[in-house]
Amino acid sequence: MKILKKLFDLLFPPKCVSCNSLLSNAESAFCIDCYREFEAAKRLPCRHCGREMMHCVCCGDNLVRSGIYRVFKVCPYFPERADSPELKLIFAVKRRNVTAYRRFVAREMAAAVKRSGDDLSGFTVTYVPRKPLSVTEYGFDHALELSKLLARELDLPWEAVFCRTSDAKEQKGLDRKERRKNATYTLLPINGVTATGKRYLICDDVLTTGASLAACGNILLALGAKEIRAAVFAQRN
């Protein structure tokens with residue numbers, strides 16, 4: 001297996017997701033310069049609580065009402081900064097089926113959870129599923145794959161709890177009210193799933209308005225979940 005990987009890396013050398021330069025470390029997503037820029041972004045303050053984003057666990061009121069009191073984050077993202085390493089990585093994870101990029105994101109998310117000092121013993125990792133049209137377009141559900149890697153990094157069990165209806169729209173481009181409506185009516189529990197007395201860590205790639213996470217939190221509360229937390233790679237700042 002290692003020989004095959006070395007041969008693959010020789011034929012298709014790994015490249016920085018941000019600047020496209022060749023990587024010396026195939027386990028990373030960034031070259032040294034882009035990684036330094038990414039590390040600096042992690043230390044930018046959250047506009048809500050003022051803490052460095054890599055240490056921030058604050059939530060909006062909509063998430064608190066949905067039973068989610070802590071959200072672990074890695075870095076902020078700014079939609080207008082299309083050339084930033086973190087935003088390029090987000091786009092790559094969504095659009096390119098590259099395990100190395102997802103693994104990098106999962107490791108960063110797991111590190112954010114561990115930095116908080118929270119004890120997640122007894123928690124199960126689940127995820128916010130991608131809309132069916134996007135799964136068809138790109139051929140994979142990045143959120144599903146990312147959540148499995150996160151569960152592995154945290155040594156926690158994994159379970160699929162939610163599904164999306166076929167009429168789900170892409171959240172990007174919708175205003176806050178439209179996002180809430182789109183998430184509320186298109187996210188449903190999988191038939192037969194039970195959550196009574198269980199603790200869940202919901203995995204998602206980005207947090208914009210929190211509509212999707214809130215919808216998932218409401219479902220888990222209705223199913224009898226005991227405690228809910230969330231982990232995202234980036235929060236809009």
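1. How many of the nine residues of strand β6 (residues 199–207) are buried? Eight of them are, which leaves this strand mostly covered. Buried here stands for under 20% relative accessible area with a 1.4 Å probe, protein chains only; strands are DSSP runs of E with at least two residues, helices are runs of H or I with at least four, and both are numbered from the N terminus.

2. A word on the basis, since you will want it early: this is a predicted model, where local features need pLDDT of at least 70, side-chain atom pairs count only at pLDDT 80 or more, and totals for chains, interfaces and linings use all residues. Residues are numbered from 1 along each chain as its sequence is written, and side-chain values use heavy atoms, without hydrogens and water.

3. Now to the neighbours of β6. Strand β3 (residues 123–127) runs parallel to β6, joined by five bridges, and Thr126 has Ile202 as its bridge partner in β6. Strands count as paired if DSSP finds at least two bridges between them.

4. Strand β7 (residues 227–236) is also parallel to β6, with eight bridges joining them. One bridge partnership links Leu207 with Gln235 of β7.

5. Between these strands the chain makes a crossover: β6, helix α9 (residues 211–222) and β7 form a right-handed β-α-β unit. Right-handed says that, with the strands pointing away from the viewer, the path from the first strand over the helix to the second runs clockwise.

Conventions
Buried means under 20% relative accessible area, exposed over 50%, partly exposed in between (1.4 Å probe, protein chains only).
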